[in-house]
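Here is a friendly briefing to read alongside the model. Please keep the viewer open as you go through the points.

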Amino acid sequence: MIDLDDMDRAILRALASDATLSAGALGRQLGLSQPTTWRRMKRLSESGAIAGRRLVLDRAGLGFGVTVFLGVTLATKGRVSLEDFERAVCAIPEVQTVQHVLGLYDYRLRVVATDLSDFERVLRRRIMTLPGVGQVDANVLLSEERRPGPL
Amino acid sequence: MQADDTDRRILRHLQADPAISMAELARRATVTEATASRRLERLRTRGILKGQEALIDWRKLGWEVEVSLRVTLDKTNPHAFDEFTAAARLVPEVLEIQSFLGRVDMRLRVIARDMAHYQDIYRSRILTLPHIADIEALMHIADIKRGEALPL
């Protein structure tokens, strides 16, 4: 576990909303010198506290009108290995995230499609044909917001 | 359509490696540097490219527990969605708030330092949120695919 002080937390908060900030610009915001800010940013990246960057894109503007969350239960646990399912599901471009979960489902998938009929195509041709797939439960995303979290 | 094939190709390469230099991005997308930078500027102006966020690894910061709480609301109250969402925003451990059309109405992504801490948040901050009719939990074990890349 990485120990953070208040300044580290302020840097994380700033980068979580804009990862392109330079050490100079961020330092000016926080009243730190450019080299000090740069060293702290480097430590946050190298320690893995910052796992990477994500582009924030307008999905609808790029033609992706539908986002659906699928809860997938495997039908034949033990017979088809989890690795086979995971390899196949990760290879589907429309599947944005795959989470292994414990509870009502085995996996939770985030899927994008241009519209509902495109989603139906992805579901029938790509999801339902995955090795070991059993029941699939779908929820269409209406709105979403990300929160800064406990920093 | 607001983005053509060249825009998509540039975004695809930028999405795969967001910290890339403009020169390298141009090379991978097989356009000139001037074109790449002009296209990105246009995508920003049109609101297609809204920015870049750093992804925080909460586990590395000592937040070991992650749970998806799927909530069904009491829809007899017309303000149920708004009031639930407003109250959920006040819980610092809530990282995402999503609303759905389907079997569940809302989903909260919640993190906690350990199971005891999670139980505390669940009892004192989550179950006290307004208009909950039913709630079910999915415990997060592992991210198999992450980053939410779009199939551009």
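The notes below cover confidence, the contact between the chains, the strand pairing and one helix.

This is a predicted model, in which local features need pLDDT of at least 70 and side-chain atom pairs count only at pLDDT 80 or more, while totals for chains, interfaces and linings use all residues. Residues are numbered from 1 along each chain as its sequence is written, with chains lettered from A and ligands numbered from 1 in the order in which they are written.

**Confidence and domains**

- The predictor assigns the complex an ipTM of 0.90 and a pTM of 0.91.
- Chain B has an average pLDDT of 94, and 99% of its residues score at least 70; pLDDT is the predictor's confidence in each residue, from 0 to 100.
- In chain A, domain 1 spans 6-46 and domain 2 spans 60-140, with bounds from an automatic or database domain assignment.
- The C-alpha centres of these two domains of chain A are 37 Å apart.

**The contact between the chains**

- Chain B brings 54 residues to the contact and chain A brings 58 residues, where contact means C-beta atoms, placed from the backbone, within 7 Å.
- On chain B, helix H1 (5-16) and strands E1 (49-56), E3 (94-102) and E5 (132-145) each supply at least two residues of the side that touches chain A; helices (H or I, at least four residues) and strands (E, at least two) are DSSP runs, numbered from the N terminus.
- E5(B) gives the most to that side, with 10 residues.

**Strand pairing (at least two DSSP bridges between two strands)**

- Strand E5 (133-146) of chain A runs antiparallel to E3(B), joined by seven bridges, and Glu145(A) has Ile97(B) as its bridge partner.
- E3(A) and E5(B) form an antiparallel pair over five bridges, with His100(A) opposite Ala142(B).
- Within chain A, strands E3 (95-102) and E4 (107-113) are also antiparallel, over five bridges, and His100(A) stands opposite Tyr107(A) there.
- The hairpin of E3(A) and E4(A) has four residues between its strands, and Gly103(A) takes a positive phi near 150°.

**Helix H5 of chain B**

- In H5(B), residues 115-126, Tyr118(B), Ile121(B) and Ile126(B) are buried (20 or more other C-beta atoms within 10 Å of the residue's own, against 12 or fewer for exposed, with C-beta atoms placed from the backbone).
- These residues lie on the same side of H5(B) because they cover an arc of only 60° around the axis, taken from the directions from the helix axis to the C-beta atoms.
- The buried residues of H5(B) pack against strands E2 (65-73) and E4 (106-112) of chain B.
- Ala116(B), Gln119(B), Arg123(B) and Ser124(B) are exposed on the face of H5(B) turned away from the buried side.

Notes
Two residues are in contact if their C-beta atoms, placed from the backbone, lie within 7 Å.
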